[in-house]
Amino acid sequence: MNLRTDDSGCVEVVHGAASSAVVLVCEHASPFIPEAFNDLGIAPAAKRSHVAWDPGAMAVAKAMAQDLDAVLVASKVSRLVYDCNRPPEAADAMPIRSEAFDVPGNVGLTQSDKDARVSQFYTPFKDTLAHEIVQRSGPVIVTIHSFTPVYNGQARDVEIGVLHDSDSRLADAILDVADTFDVRRNAPYGPEDGVTHTLKEHAIKRGHLNVMIEVRNDLIADAKSQTAMAATLTRWVSNAIDAVEAAACKG
């Protein structure tokens, strides 16, 4: 599987020569915080926790890229430095608190500080993703995330969330074919939580099929479960795309 980074070193492209129309995205692939940020002053327990990244999501996305013969675009920095699934104006693009953890290094940022992070981390990600999408005819954007089983002390029963914004075509089709797991629409988050930025920015504006998939991270905690989950999601996505395309032809 070929890998490369953009000139900034902040974006990873996996399987760039893929033939599939599917473009996989993993905005929260890494917990890495550049040394210059002094760990943003966060508690050691937060550095590898779900507040810093989406555990297991990148491994699942890489396996799906292989299964689907699809390109994958991923951010190489922690969502606490810059959340690439948020626009620059969003308050949680550079959060001062994430669940139970304060992020001191994000407190009191000037507009110049924020602009510098946008330029260093978000713009290269956005531009790289846009470049990979435009290379493909009829691109289908699928973003891969994971979520914690317990959030703010509340257990979550949902196992896989199928999220969409105003365009639900692919999400509807996935929900029709999904099996085995507790799968729910727009759970544990939805558009009202500001989590569909990538879908809106890179897919909905241009009419591309799109969906965001959230997997509870205890289901993808090791290599075996990550590979199995990737196979399941690949089957769902492939079958759903076929169903949407078949319906479009009949219409």
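D172 is partly exposed, with a relative accessible area of 29%, where buried stands for under 20% relative accessible area, exposed for over 50%, and partly exposed for what lies in between (1.4 Å probe, protein chains only). The model is predicted, so local features need pLDDT of at least 70 and side-chain atom pairs count only at pLDDT 80 or more, while totals for chains, interfaces and linings use all residues. Residues are numbered from 1 along each chain as its sequence is written, and side-chain values use heavy atoms, with hydrogens and water left out.

**Salt bridges**

The side chain of D172 meets that of R185 in a salt bridge (2.7 Å, N to O), a term for a side-chain nitrogen of Lys or Arg within 4 Å of a carboxyl oxygen of Asp or Glu. Because R185 lies in strand β11 (residues 183-185) and D172 in helix α4, the pair ties together parts that are 13 residues apart in sequence; helices (H or I, at least four residues) and strands (E, at least two) are DSSP runs, numbered from the N terminus. R185 is partly exposed as well, at 42% relative accessible area. A search of the whole structure finds 14 salt bridges, and the table lists some of them.

| Pair | Closest N to O distance |
|---|---|
| R185 and D172 | 2.7 Å |
| E201 and K205 | 3.0 Å |
| R216 and D218 | 2.7 Å |

In the second pair, E201 counts as buried at 14% relative accessibility, whereas K205 counts as exposed at 58%. In the third pair, R216 is buried with a relative accessible area of 12%, and D218 is partly exposed with 38%. Salt bridges that share partners also join D83, R86 and D92 into one network.

**The surroundings of R86**

Is R86, which is found in the loop between β4 and β5 (97-98), buried or exposed? At 8% relative accessibility, R86 counts as buried. Leaving out residues up to four places away in sequence, R86 touches D92, A93, Y122, D193, G194, V195 and H197, where contact means heavy atoms within 4.5 Å.

**Helix α4 and the nonpolar cores**

Within α4, the residues L170, A171, A173 and I174 are buried. Seen down the axis of α4, its buried residues fall within an arc of 165 degrees, so they line one face of the helix; the arc is that of the directions from the helix axis to the C-beta atoms. The elements that cover these buried residues of α4 include β7, β10, β12 and α6.

The largest nonpolar core has 39 residues, of which L24, V142 and I213 touch the most other members; such a core is a set of buried Ala, Val, Leu, Ile, Met, Phe, Trp, Tyr and Cys residues joined through side-chain atoms within 4.5 Å. Among the elements that give two or more residues to this core are β3 (22-26), β7 (140-147), α4 (169-177) and α6 (223-250). A second, separate core of 37 residues includes C10, L80, F121 and L199. Apart from its neighbours within four places in sequence, I213 is in contact with residues including V142, I160, I174 and L233.

**Cysteines**

The structure holds 0 disulfides, a disulfide being a pair of cysteine sulfur atoms within 2.5 Å. C10 is in no disulfide, and the nearest cysteine sulfur, that of C84, is 8.5 Å away. C10 counts as buried at 7% relative accessibility, and C26 counts as buried at 0%. The sulfur of C26 is 11 Å from the closest cysteine sulfur, in C84, which is too far for a bond.
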